[in-house]
Amino acid sequence: QFSDKTWDLKQAVLTGPGLQLQAQGSLAQRLSINAQVDRWSGVLPTASGKSKLHGWVAQHGQEWQGELHLQGTQLQYKKYALARLDLDGSLGKGGKLQATLLAAGLALDGQKLDLRSKISGSLQQADVQLSLQDDQRNLVLGGTLQHATAWKLHLAQLRFQDPRFGQWSLVQPATLQWNQGTISVGTLRIEGANGASVRVAGNYTTGSSQGSLDAEASALPLDFWDKTLGTGIRGRWNAQLHGRCDGICQLKADWGVKDTALHWLAGDTSHQIAITQFSGDLHWQKDGLHLQSSLHLADQLGTFQLDANSPAVLRLPWKTPTQQPINAAVVGHIPGVLLSQLPTGNIEVDPKGDITINLHADGTWEKPLWQGQATASGLGCYIPEAGLHLQDIEAQLTGSGDHLLLKSLVVHSGSGTLHGSGDIAFAKGVPYQINITGNNFLALNLPQVQAAIDPDINIHHQQGNLAITGKVETTRLRILGTDFGGP
């Protein structure tokens with residue numbers, strides 16, 4: 001029934017596969033809604049679970065009031081799942097607001113989380129409590145949310161617990177604000193165990209070139225582990241970053257590590273190598289970018305040095321300066337002793353020889369052009385699956401613009417030798433080729449089978465297609481004690 005600006009809904013009923021919805025009343029008094037879904041698959045083919053909702057809403061003059069109660073069980077949509085959902089909320093006279101939320105068994109990217117939240121106060125100012133936890137970690141946040149001309153969150157409580165990084169908590173209250181596209185963070189400082197701390201402050205206006213950031217990390221725990229490779233890094237990290245943007249940004253940053261080591265597993269045995277230095281210094285000023293970083297392993301087991309310069313300036317919002325010049329140099333030394341200690345599967349690397357790297361690049365950010373060379377000398381390894389001991393491995397790689405030239409590769413096995421040469425492209429889609437030749441190269445040395453070969457192979461890759469041409473002749477083949485002639 002309609003009359004001027006008022007209307008009354010006597011009764012509305014909507015039914016469908018596993019769905020029933022009822023509504024009645026008026027906004028001037030109370031418009032009630034009840035909905036029940038017994039089978040979400042009847043509403044969305046890729047969904048499952050069930051839910052029910054009941055509540056009401058009314059408008060008295062310029063003031064809105066209402067209540068909402070929502071429950072759901074075993075909800076799932078595509079790769080997202082939720083075991084239980086409970087939401088209760090009310091908006092009363094004078095804008096009084098109350099709400100509680102429970103989302104249990106929330107599955108995201110293979111992780112199951114429980115989310116709880118509580119809000120009490122008014123539309124202008126409300127106390128907020130939030131907790132998020134899984135089997136091992138939990139996050140607790142509490143504060144006051146205000147909204148007038150701007151949104152403000154006065155953060156009074158922040159606590160985070162993680163088995164790798166320990167427990168972290170807020171040192172003093174902090175304020176986060178959103179005002180007409182400008183985000184600002186007052187000094188936010190959290191502390192953890194063993195003297196660890198993080199301090200952040202700054203502001204940014206979205207879509208503009210205005211902003212600032214000050215951040216400092218002290219004794220920040222490093223604990224990264226790759227299950228596939230069985231390697232990781234553990235230790236502590238110190239860093240500082242200070243930046244200001246007003247058209248052109250000016251940024252300064254430096255970092256270093258303490259009590260840090262590389263860790264890996266070889267079989268059931270744990271190994272580690274201390275990192276005596278991993279430091280960096282970055283200056284991005286009005287005259288461009290200047291970056292220096294170095295890495296040193298203990299016991300002279302390896303060094304790396306990176307230097308980079310570019311006249312490109314930093315602006316917000318950030319866009320990669322693809323056409324700006326860049327100049328960079330990479331220098332490194334990897335001794336065979338280090339390679340023999342690193343996880344290489346079943347391959348046993350000899351603790352001798354070394355790899356040296358001395359490359360530099362110019363060109364542009366989009367297309368750096370490399371010069372210099374990387375060499376390997378005196379390396380060796382044992383491959384148990386083939387019974388081979390490769391010795392005196394020598395290789396020389398030379399940068400040639402957007403290509404890496406394999407000028408020479410020499411590998412000794414048995415009384416024979418393998419040679420290789422070719423070029424490898426840095427850019428995706430650019431063709432590359434490698435030529436392999438050999439003379440009486442021992443390729444198989446098992447008790448049942450021994451074989452020596454003379455290969456002459458060309459490997460060519462272009463536009464996603466791999467072509468292998470040439471021939472491989474056996475110069476000696478012995479199977480179960482019987483010699484076969486060759487080639």
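Strands here are DSSP runs of at least two residues, numbered from the N terminus. With that convention, Asp350 of this predicted model can be placed in the loop between β26 (348-349) and β27. Asp350 is a convenient residue from which to begin a tour of the chain, and the overall architecture follows first.

The protein chain holds 1 helix and 36 strands. Its radius of gyration is 33 Å, well over the 23 Å that the globule rule gives for 487 residues, so the chain is more spread out than a compact globule. The C-alpha trace spans about 105 × 55 × 45 Å along its principal axes. Of the 487 residues, 30% are buried. Among contacts with a separation of 6 or more, 35% come from residues 24 or more positions apart. The accessible surface amounts to about 28500 Å², and carbon and sulfur atoms contribute 55% of that area. The chain carries 36 positive and 40 negative charges, and the mean positions of the two sets lie 12 Å apart.

Back at the loop between β26 and β27, is Asp350 buried or exposed? Its relative accessibility is 13%, and because buried means under 20%, Asp350 counts as buried. Setting aside residues up to four places away in sequence, Asp350 touches Gly336, Ser340, Gly380, Cys381, His389 and Leu390. With one of these neighbours, His389, the contact is polar: the two side chains are joined at 2.9 Å. Tyr382 is 32 residues away from Asp350 along the chain, yet the C-alpha atoms of the pair are separated by 7.7 Å.

A second aspartate, Asp214, offers a related picture. Asp214 sits in strand β18 (residues 210-226) and, at 16% relative accessibility, counts as buried. Beyond its neighbours within four places in sequence, Asp214 is in contact with Arg199, Val200 and Ala201, and also with Leu241, His242 and Arg244. Which residue does the side chain of Asp214 meet in a polar contact with another side chain? The partner is His242, at 2.8 Å. For a view across a longer stretch of sequence, Ala329 is 115 residues from Asp214, and the C-alpha atoms of these two residues are separated by 29 Å.

Strand β17 (residues 197-205) includes Ser197. This serine is buried, with a relative accessible area of 9%. Its contacts, leaving aside neighbours within four places in sequence, include Trp168 as well as Arg189, Ile190 and Glu191. Glu216, Ala217 and Ser218 are also in contact with Ser197, and these three positions fall within the range of strand β18 (residues 210-226).

Thr364 brings the description to the loop between β27 (354-363) and β28 (368-383). Its side chain makes two polar contacts with backbone atoms: the backbone nitrogen of Lys367 is reached at 3.1 Å, and the backbone oxygen of Thr322 at 3.5 Å. Thr322 also appears among the residues in contact with Thr364 once neighbours within four places in sequence are left aside, together with Gln323, Gln324, Pro325 and Ile326.

Some backbone details are worth a look as well. Leu316 and Pro317 are joined by a cis peptide bond, with omega of about -5°. Pro317 belongs to the loop between β24 (314-315) and β25 (327-335).

Which phi values stand out at Lys78 and Asp392? Lys78 is not a glycine, but its phi is positive, at about 55°. This lysine occupies the loop between β7 (63-77) and β8 (80-91), and it is exposed, with a relative accessible area of 55%. Asp392, likewise not a glycine, has a positive phi of about 45°. Its setting is strand β29 (residues 388-400), where Asp392 is partly exposed, with a relative accessible area of 39%.

Conventions: Residues are numbered from 1 along each chain as its sequence is written. This is a predicted model: local features need pLDDT of at least 70, side-chain atom pairs count only at pLDDT 80 or more; totals for chains, interfaces and linings use all residues. Side-chain values use heavy atoms; hydrogens and water are left out. Helices (H or I, at least four residues) and strands (E, at least two) are DSSP runs, numbered from the N terminus. Buried means under 20% relative accessible area, exposed over 50%, partly exposed in between (1.4 Å probe, protein chains only). Contact means heavy atoms within 4.5 Å. A polar contact is a pair of N or O atoms within 3.5 Å; within protein, one must be able to donate a hydrogen and the other to accept it, and residues adjacent in sequence count only if both atoms are side-chain atoms. The radius of gyration is taken over C-alpha atoms; the globule rule is 2.2 Å times the number of residues to the power 0.38. Accessible areas come from the Shrake-Rupley method with a 1.4 Å probe; for residues, only the protein chains shown count as cover. Lys and Arg count as positive and Asp and Glu as negative; His and the chain ends are not counted. The place of a charge is taken as NZ of Lys, CZ of Arg, CG of Asp or CD of Glu.
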